[in-house]
Amino acid sequence: MNKDELLRSMNEAIVAGNKAAAAALGAEAVRSGADLLEVIEKGYVPGLQKVGELWEQGEYFLPELISSAEAMKAAMAVLKPELDRKNIEAQRGGKVVIGTVEGDIHDIGKNLVASMLQAGGFEVYDLGADVKLERFIEKAEAVGAGIICLSALLTTTMTNQKRLIGLLREKGLRDKYKVLVGGAPASHKWADEIGADGYAENAVAAVKLVRTMSGGD
Amino acid sequence: MIETKRPKMELLSGTFVEMLVDEGLTLLETQGIMVENAEALRLLGDAGAVVDLAAQRARLGRRMVEGCLASTPSSITLFDRSGEKAFAVGGDEVHFDPGSAAVTLLDHDTQEERKAMTADLVDFYKLVETLEHIHFQSTGLISSDVPAAVSDGYRLYLGLCLSSKPFVTGTFRVEGFRPMKDFLVAVRGGERELRLKPLAIFDACPSPPLKWSNLTAQSLLDAARAGIPSELISMGLTGATSPVTIAGTLVQHVAENLSGLTICQVAAKGAPVIFGGSPASFDMRKGTTPMGAVETMMIDSAYAQIGKFLKLPTHAYMGLSDAKVNDPQAGFETAMGAVLGALSGINVISGPGMLDFESSQSLEKLVIDDGICAMVYRLLAGIAQRDDPIALGLFEAFAPDMQFLSLPHTRQWYRKEHILAGLVDRDPYEAWVTAGRTSIVDKAHADVRRRLGKYEASPLADPVRKEMDKIMAAYARSQGVDRLPVSDF
């Protein structure tokens, strides 16, 4: 397989959501000594961009989206040890702490966003569902994350998104983090009202928002 | 005379039903369920389940589950607050109750959803009390002006003060059960009396797939011991929290419901249980849980058929809509669900009034939906043979200018054969224009005002009310709540 074929196959594996193929192609790249940053940027990432486009055009639905994100993660899992070994810093999107706020066990939407962010090159710390507010801050402090994403599916628990911002203020940490909110009852208006830094209505929009917030393209 | 046929639909063949039940039982035996409640795990273990306490997992053998099925009553009789009016929950009886626990109310004046307040809940109870085709009340709104620590109990307290109908309700916190049971006992005048004449159904929702949380498992144990019917609300979301195929979701549904039933039976043999649910065809674009999707209704109808095969009372969330206002979508989704649910013979159909994925209630929609329920009951009554011969007698005096309006036969039967239109528009065009082109929503709003105006309280007996007040005050105090919204009911 020449380089162009390799890159094209990587692109296709991501678009098709083919985890096994995406990983095998990563192994092939490592074996043939290809420029790994190039295969990421010109092979896999364009596939992921294509998936985003297909979603926005209404061609792709959640199962396709999540399969492509999983394929991307599988590819990166193969490339990561090799990159580490060669001391190459793959272009990372930044560190993100994410979770569903306390009192709320809904995690489907949060999982999607976490998966898409991870596929998009972010270092994601997923704390799960029903997460105590203090834990978001502890984790963000511990790993040096710049962004905290809060999910809530209930109008009764969405107030915890607001409480987290208050908690950051109390600790004098508000300016250190960008706080993004999502979930069925959240909205741009709600984000403004509680002094959050942003709101996204779905997983694709969330990745774009996080990218903007972390100073990416 | 011909016996009137009750119209009925079934989506599954008998063989398919048996396969689905068989797989559900196998799933319980091989994979089991997660139970985050130590007492429930212990009871299941004592009754023969293979329990892994550390993993909070219980595998339920087929014989054990079948034994529990055998001890569960096939029918429940609920009684209204007075204890006089009985409602059979079993067979093909159909009772509607408003969709429960909405967090917002659709405000008619602004056409916006807003947080529900206690005053709204009071109006809601009063209105439902006047709607004759909605047999049961539900604790339909979560008032935002009540502290979360007592909101489950407070809404039942208000409801029992304001309404005589049986209730569909449930706990939000483990601590909520005790005062809620105490209210029911106070109304009935004793624990034994409540057991003999159940006044409320408690909903308990497993977390899909195959898990009972501490709260919901505790609710099953507590309700079973008090003789309060538990309504099991399995809610797989196709392709998200349950298999994407409808049949696959049904297998999970069977397993979740039978595991809930088993928990009830090991707590109190013979405890009343309703085979219910609120599953949905997960929207793969929006990530939402559409209750108005036809596939959701198909899952509901099918699991109800399975519930009947298992000789259990049944429940479903149908007759509701995902629309945000009372638009055509609200009407057709509600009517489709109500009709399909009733034709499936589902005993408790929760839905009227509800919008926006079970999150919003509308008073206007409640009265519109009461009209839908009226039509549904007419449909269920079927086509009767009233005369023998059926019509030949009427034609004995046949002449070209014959008409039927003035016949005594017409006068005798028209109110029995046909129901009045209610709020729907049946005006000729010109009359409709002259009357101001009024929409059904505007008519419904006027009807809400009229009904609230004519609502007459049938107050609780003074000692009962005093006892209720005492229980409520003690519950509030125990939760550190010193003030509750005052209402002038």
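In this predicted model, B:Arg386 has a relative accessibility of 28% and is therefore counted as partly exposed. Its side chain meets that of B:Glu417 in a salt bridge, with 2.6 Å from N to O. The two partners sit in distant parts of the chain, 31 residues apart: B:Arg386 belongs to the loop between α12 (363-381) and α13 of chain B, whereas B:Glu417 lies in helix α13 (residues 408-417) of chain B. B:Glu417 is likewise partly exposed, at a relative accessible area of 24%.

This pair is a convenient way into the charged contacts of the model, which holds 30 salt bridges over all chains. Side chains of opposite charge can pair when their charged atoms come close. Another example in chain B joins B:Arg114 to B:Asp120, where the closest N and O atoms are 2.8 Å apart. Here the two ends fall into separate classes of accessibility. B:Arg114 is partly exposed, with a relative accessible area of 30%, while B:Asp120, at 10%, is buried, since buried means under 20%. In chain A, salt bridges also build a network, whose members are A:Lys3, A:Glu38 and A:Lys42.

A further salt bridge in chain A leads to the question of how its domains meet. A:Lys208 pairs with A:Glu56, and 2.7 Å separates the closest N and O atoms. Because A:Lys208 lies in helix α9 (residues 203-213) of chain A and A:Glu56 in helix α3 of chain A, the pair ties together parts that are 152 residues apart in sequence. Both ends remain in part open to solvent by the accessibility criterion: A:Lys208 is partly exposed at 47% relative accessibility, and A:Glu56 is partly exposed at 48%.

Chain A is divided into domain 1 (3-85) and domain 2 (95-213). The C-alpha centres of these two domains of chain A lie 27 Å apart. Their contact involves 10 residues from domain 1 of chain A and nine residues from domain 2 of chain A. About 880 Å² is buried between the two domains, and carbon and sulfur atoms give 72% of that area. On the side of domain 1 of chain A, the residues that lose the most area to domain 2 are A:Trp55, A:Leu65 and A:Lys73, which together account for 42% of what that side buries. Polar pairing is present here as well: the count between domain 1 and domain 2 of chain A is one salt bridge, along with four residue pairs in polar contact. Two elements of chain A, α3 (36-56) and α4 (62-85), each give two or more residues to the side of domain 1 that touches domain 2. The largest share of that side, seven residues, comes from α4(A).

The interface between the chains can be described in the same terms. Chain B and chain A contribute 10 residues each to their contact. Between them they bury about 800 Å², with 71% of it on carbon and sulfur atoms. Three residues, B:Val103, B:Met284 and B:Arg285, supply 68% of the area that chain B buries against chain A, more than any other three residues. Zero salt bridges are found across the interface of chain B and chain A. Three residue pairs in polar contact, however, are found across this interface.

Attention now turns to the nonpolar interior. In soluble globular proteins, nonpolar side chains tend to be buried together. The largest nonpolar core of the model has 176 residues, and A:Val39, B:Ile306 and B:Met468 are those with the most contacts inside it. Helix α9 (residues 246-267) of chain B provides the largest share of this core, 10 residues. From chain A, the core draws at least three residues from each of domain 1 (3-85) and domain 2 (95-213).

What surrounds A:Val39, leaving aside its neighbours within four places in sequence? The residues in contact with A:Val39 are A:Leu6, A:Leu7, A:Met10, A:Ala29, A:Ala34, A:Tyr44 and A:Leu79. Apart from the largest core lies another one, of 28 residues, which includes A:Val97, A:Leu133, A:Ala186 and A:Tyr199.

Key:
Residues numbered from 1 in each chain as written. Chains lettered and ligands numbered in written order. Predicted model: local features only at pLDDT ≥ 70, side-chain atom pairs only at ≥ 80, totals over all residues. Heavy atoms only, no water. Core = buried A, V, L, I, M, F, W, Y, C linked by side-chain atoms within 4.5 Å. Buried < 20%, exposed > 50% of the residue type's maximum accessible area, 1.4 Å probe, protein only. Helix = DSSP H or I, 4+ residues; strand = E, 2+ residues; numbered from the N terminus. Domains from an automatic or database assignment. Contact = heavy atoms within 4.5 Å. Buried area = accessible area lost by both parts, 1.4 Å probe. Salt bridge = Lys/Arg side-chain N within 4 Å of Asp/Glu carboxyl O. Polar contact = N/O pair within 3.5 Å; in protein donor to acceptor, adjacent residues only side chain to side chain.
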